[in-house]
Amino acid sequence: MIAQELHDLLKTTFGEAILEAKIDGVFDPFVTVAPDRIADVARFLRDDDRTQFDSLMCLSGVDLTKGNLAVVYHLHSTKRNHKFVLKAVVPAANPRVQSVASVWRMADWNEREAYDMYGIIFDGHPDLRRILMPDDWEGFPLRKDYQVPEFYNGMKVPY
Amino acid sequence: MEVTLTDVEPGRRPATIPGLGRPLRAEEMVISMGPQHPSTHGVLRLELVVDGEIVVDVIPHIGYLHRCFEKHCEHMSNYQQVIPYADRMDYVAAMSNEFGYVVAMEKMLKIQVPERVEYIRVIMAEFSRIISHLIAIGTYGLDIGAFTPFLYCMRDREHVLDIIEETCGARLLYNYMWIGGLSHDVKPSFQKQVSEFCTYFRPKIKELNDLLSYNKIFIERTANVGVLPGDVAINYGASGPVLRGSGVKWDLRKNDPYSIYDRFSFDIPVGQGLKGKVGDCWDRYMVRVHEMEQSTNIIEQAVAQLPEGDVQSAIPKRIRPEAGEIYVRTETPKGDLGYYIVSDGTASPFRIKVRPPCFINLSALPAMCRGAMIADVVAILGSIDIVLGEVDR
């Protein structure tokens with residue numbers, strides 16, 4: 001399916017939950033989905049016969065600045081060989097988004113990484129812990145307003 | 001899920017451990033494997049929850065080699081400076097990492113690179129596949145107790161490294177592929193050397209098969225161990241030999257061609273369950289052996305067609321992509337390496353996210369290890385072929 005058809009399909013199925021779309025003039029067409037409906041949309045896209053997005057290629061956190069964070073989902077179907085991108089935008093003050101780890105197991109560690117780096121809380125994730133940084137690290141390093149702490153457990157951090 | 005002191009009575013073990021998601025049962029014991037363990041190929045710590053000799057669950061702990069690749073990228077003053085850092089992710093196949101990044105950037109900047117550059121890049125990328133698989137196979141034998149094949153693999157790898165060294169001066173971390181071109185053209189003797197290597201290398205694969213692949217002890221240790229079914233592998237996002245070992249015919253060089261891979265004829269080897277079930281350790285191992293043969297085929301075809309040209313003619317003076325974002329993935333020896341690059345229109349990257357294949361393949365480890373023996377964990381981990389530099393970035 002091409003991006004426009006996918007967008008129309010999602011719009012008719014989910015209506016209000018599809019917030020914004022950019023299909024033309026970009027490398028990867030995307031739609032923005034309400035953060036509290038993303039797991040429903042993901043499950044629909046995986047299971048529906050017309051879409052069959054059985055694989056999540058990449059899940060990334062992005063700091064959009066101006067007080068917003070985003071989670072970007074790059075989907076791909078190995079059966080139908082088409083691609084699509086979903087985005088969920090959340091305020092940095094209260095970043096909560098539904099977890100898709102139950103839809104694609106691949107999201108498990110990537111959501112942990114997004115939590116680790118951006119502090120995005122994934123509701124329904126089975127095991128949301130830091131993954132790359134130490135468990136007792138303070139702050140979320142990839143946020144644009146991140147300040148490197150002076151000390152970590154008595155060790156000087158900036159070199 | 002934090003263990004606090006109140007959970008632990010004096011003389012008793014903790015009732016829960018983070019990551020397990022349930023209390024420990026009375027008959028279960030937790031064994032820590034790593035971070036310093038010869039079979040983890042770097043600093044990886046596995047917590048094994050075992051019931052006697054049977055592994056009930058595995059909890060991987062990573063991040064010991066984390067060096068903020070993505071944070072560094074955001075602080076670069078231009079896009080070219082990312083390339084040496086990309087080298088250091090999967091440091092045994094650095095060419096493939098560069099390749100993915102430059103392909104993504106060229107697509108973003110809409111640069112058409114000269115034919116000669118494309119051909120040399122493909123040769124180098126396939127060389128890096130061969131040297132990466134040689135290390136994977138050699139160390140895998142080492143893990144399982146076969147020492148000799150490791151030395152044979154290292155000997156053959158040396159021939160490739162010599163060719164690469166003569167081309168760009170480095171043996172491990174190259175900074176060879178630049179956005180729009182290459183740092184050096186190849187030497188005049190390059191074609192002859194590469195052809196000689198191909199002739200030399202083919203019989204060595206047969207030698208390796210006789211020595212290791214069809215060795216009875218090796219098969220006993222790997223066949224029917226760590227079976228990963230194809231649909232589970234797709235759901236875990238597994239890629240590369242791990243996915244193909246599970247019988248899924250999926251290779252980006254064929255299924256989503258980039259660069260000039262559509263011009264070469266080669267096969268995609270998949271696991272067939274010849275010695276056990278489809279998707280066991282032996283299948284994943286054997287896919288790598290067959291891939292080395294196929295890479296040799298590609299190199300031979302590419303070097304025969306190598307056109308003339310200037311390898312630096314398309315390098316842009318100033319790199320300033322328009323605001324926008326792109327996701328490009330390429331097939332590295334370990335699997336699909338994806339770069340998600342966001343530009344805000346300035347000269348330095350706004351956000352670069354890497355989808356490292358090793359990181360995602362490793363996340364399927366618990367699914368493969370449940371129900372196996374402790375000694376099998378070593379065999380399963382080796383068959384995934386992780387490089388911790390890429391897992392932790």
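1. Which residue is the bridge partner of M29(B) in β2(B)? In this predicted model, the partner of M29(B) is V50(B). That pair is part of the antiparallel pairing of strand β1 (residues 29–33) of chain B with strand β2 (residues 45–51) of chain B, which extends over 5 bridges. M33(B), for its part, stands opposite L46(B) in β2(B).

2. Confidence may be stated before the details. The average pLDDT of chain B is 87, and 96% of its residues score at least 70. For the complex, the predictor reports an ipTM of 0.90 together with a pTM of 0.88. Where pLDDT is low, the predicted coordinates should not be read in detail.

3. The pairing described in the opening point belongs to an open sheet of chain B. This sheet has 3 strands in the order β1-β2-β3, with antiparallel pairing. Its edge strands are β1 and β3 of chain B, each of which pairs on one side only. From one strand to the next, the twist averages 25 degrees.

4. On the other side of this pairing scheme, β2(B) is joined to strand β3 (residues 54–61) of chain B by 7 bridges, and the two run antiparallel. Within that ladder, D51(B) has I54(B) in β3(B) as its bridge partner. β2(B) and β3(B) form a hairpin with 2 residues between them. In the turn, G52(B) has a positive phi of about 65 degrees.

5. The same region of chain B also carries a helix. α14(B) lies across β2 and β3 of chain B and runs at about 145 degrees to β2(B). Helix α14 (residues 374–384) of chain B also packs against helix α11 (residues 281–305) of chain B, at an angle of about 30 degrees and with the axes 9 Å apart. Because angles under 35 degrees count as roughly parallel, α11(B) and α14(B) are roughly parallel to each other. The crossing in which α11(B) passes α14(B) is left-handed.

6. Which residues make the contact of α11(B) with α14(B)? From α11(B) come C281(B), R284(B) and Y285(B), and these meet A379(B), I380(B) and S383(B) in α14(B). By class, the residues of this contact are 4 nonpolar, 1 polar and 1 charged.

7. A second helix pair in chain B has another arrangement. Helix α5 (residues 148–168) of chain B and helix α6 (residues 190–213) of chain B have axes that come within 11 Å and cross at roughly 170 degrees. Since angles over 145 degrees count as roughly antiparallel, α5(B) and α6(B) are roughly antiparallel to each other. Among the residues that α5(B) brings to the contact are Y152(B), H159(B), V160(B) and I163(B). Those of α6(B) include F197(B), Y200(B), F201(B) and L208(B). The contact of α5(B) with α6(B) divides into 12 nonpolar, 4 polar and 3 charged residues.

8. Chain A contains an open sheet of 5 strands in the order β1-β2-β5-β4-β3, and its pairing is mixed. The edge strands are β1 (18–22) and β3 (55–65) of chain A, each pairing on one side only. On average, with direction ignored, neighbouring strands of this sheet are turned by 20 degrees against each other.

9. At one edge of the chain A sheet, β1(A) pairs with strand β2 (residues 30–33) of chain A in the antiparallel sense over 4 bridges. I18(A) has V33(A) as its bridge partner in β2(A). Helix α1 (residues 3–14) of chain A packs on the sheet and touches β1, β2 and β5 (83–91) of chain A, its direction making about 170 degrees with that of β1(A). Helix α3 (residues 107–118) of chain A lies across β3 and β4 (68–76) of chain A, running at about 10 degrees to β3(A).

10. How many residues of each chain are in contact across the interface? The contact involves 30 residues of chain B and 27 residues of chain A. On the chain B side, at least two residues each are supplied by α1 (69–74), α8 (230–235), β6 (324–332), β7 (335–343), β8 (351–355) and α12 (357–362). β6(B) gives the most, with 5 residues. This side of chain B has 12 nonpolar, 10 polar and 8 charged residues.

How values were computed. Residues numbered from 1 in each chain as written. Chains lettered and ligands numbered in written order. Predicted model: local features only at pLDDT ≥ 70, side-chain atom pairs only at ≥ 80, totals over all residues. Axes fitted to C-alpha atoms, helices over the stretch in contact; angles between N-to-C directions. Parallel < 35°, antiparallel > 145°, perpendicular 65-115°, else oblique. Left-handed = near helix turned anticlockwise from the far one by under 90°. Contact = placed C-beta atoms within 7 Å. Nonpolar A, V, L, I, M, F, W, Y, C, P; charged D, E, K, R; others polar. Pairing = 2+ DSSP bridges. pLDDT = per-residue confidence, 0-100.
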